[in-house]
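Trainee: I am new to this structure. Please take me through one part of it closely, and then show me what surrounds that part.

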Amino acid sequence: MTKPAAQKRHLATSPFKAPDTRPPKHFAVGDQVTHDMYGLGRVIGVEDGIAVLVDFGSAQMRILSPYAKMTKL
């Protein structure tokens, strides 16, 4: 087995932007959401901290955490 990777520090002098340290978003069943690729949808299932199942009308998609492209309306 391998050990999980350690968190890397961000140096203030780095030309790269700092990693996102915001707390993860929380969604509940019934929340209306929008996704950059799939559009408007409604949450139909939640796996705490792992993923959410969203019905976008034409398809149901499982969106994995950290939900970078999805926002709650």
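Mentor: Start at Tyr38. Its relative accessibility is 35%, so Tyr38 counts as partly exposed, because that class runs between the 20% and 50% limits. Keep in mind that this is a predicted model.

Tyr38 has a ring partner, Phe56. The two ring centres are 5.3 Å apart and the planes stand at 35°, so this pair is tilted. Tyr38 sits in the loop between β1 and β2 (39-47). Phe56 sits in the loop between β3 (51-55) and β4. The pair therefore ties together parts that are 18 residues apart in sequence. Now look at the other ring. Phe56 has 11% relative accessibility, so it counts as buried, the limit being under 20%. One partner is partly exposed, and the other is buried.

Is this the whole set of aromatic pairs? How many does a search of the structure find? It finds 2 aromatic pairs. The other joins Phe27 and Tyr67, and this one is edge-to-face. The centres lie 5.1 Å apart, with 90° between the planes. Phe27 belongs to the segment before β1, while Tyr67 belongs to the loop between β4 (60-64) and β5 (70-72). This pair therefore ties together parts that are 40 residues apart in sequence. Both Phe27 and Tyr67 are buried.

Go back to Phe56 and step across to His35. His35 is one of the residues of strand β1 (residues 32-35). Which residues does His35 contact, leaving aside neighbours within four places in sequence? They are Phe56, Ile63, Lys69 and Met70. His35 has a relative accessible area of 10%, so it is buried. The side chain of His35 also has a polar atom 3.0 Å from the backbone nitrogen of Met37.

Stay with Tyr67 for a moment. Its relative accessible area is 5%, which means it is buried. The backbone of Tyr67 deserves a look too. Tyr67 is not a glycine, yet its phi is positive, at about 55°. Most residues other than glycine have a negative phi, and most peptide bonds are trans. Just before Tyr67 comes Pro66, which is also in the loop between β4 and β5. The peptide bond from Ser65 to Pro66 is cis, with omega near 20°. So what should you look for in this loop? Find the cis bond from Ser65 to Pro66, then the positive phi of Tyr67.

Next, find Val52 in strand β3. Val52 has 2% relative accessibility, so it counts as buried. Beyond the residues up to four places away in sequence, Val52 touches Phe27, Gly45, Val46, Met61, Arg62, Ile63, Tyr67 and Met70. Both partners of the edge-to-face pair, Phe27 and Tyr67, are among them. Ile63 and Met70 are on the list for Val52, and they are on the list for His35 as well. Val52 also gives you a sense of distance. From Val52 to Pro15 is 34 Å in space, C-alpha to C-alpha, and 37 residues in sequence.

Now move to the segment before β1, where you find Asp31 and Val29. Buried or exposed, what is Asp31? At 17% relative accessibility, Asp31 counts as buried. Val29 has a relative accessible area of 58%, so it is exposed.

Their contacts are worth tracing. With residues up to four places away in sequence not counted, Asp31 touches Gly41, Arg42, Val43 and Lys72. The side chains of Asp31 and Lys72 are joined by a polar contact of 3.4 Å. Val29, with neighbours within four places left aside, is in contact with Val43, Ile44, Gly45 and Val46. Val43 is on the list for Asp31 and on the list for Val29. Val29 and Phe16 are 13 residues apart in sequence, yet 36 Å apart in space, C-alpha to C-alpha.

Finish with the second largest pocket. About 170 Å³ of space lies in it. Its lining is made up of Gln7, Lys8, Arg9, His10, Leu11, Ser14 and Pro19. By type, the lining residues are 2 nonpolar, 3 polar and 2 charged.

Definitions and conventions
Residues numbered from 1 in each chain as written. Predicted model: local features only at pLDDT ≥ 70, side-chain atom pairs only at ≥ 80, totals over all residues. Heavy atoms only, no water. 1 Å grid on protein atoms, 1.4 Å probe; cavity = no way out; pocket = protein on both sides within 12 Å on 5 of 7 lines; lining within 4 Å. Points joined across faces, edges and corners; volume = space filled by probe spheres on them. Nonpolar A, V, L, I, M, F, W, Y, C, P; charged D, E, K, R; others polar. Helix = DSSP H or I, 4+ residues; strand = E, 2+ residues; numbered from the N terminus. Buried < 20%, exposed > 50% of the residue type's maximum accessible area, 1.4 Å probe, protein only. Polar contact = N/O pair within 3.5 Å; in protein donor to acceptor, adjacent residues only side chain to side chain. Contact = heavy atoms within 4.5 Å. Phe/Tyr/Trp six-rings, centres within 6.5 Å; stacked < 30°, edge-to-face > 60°.
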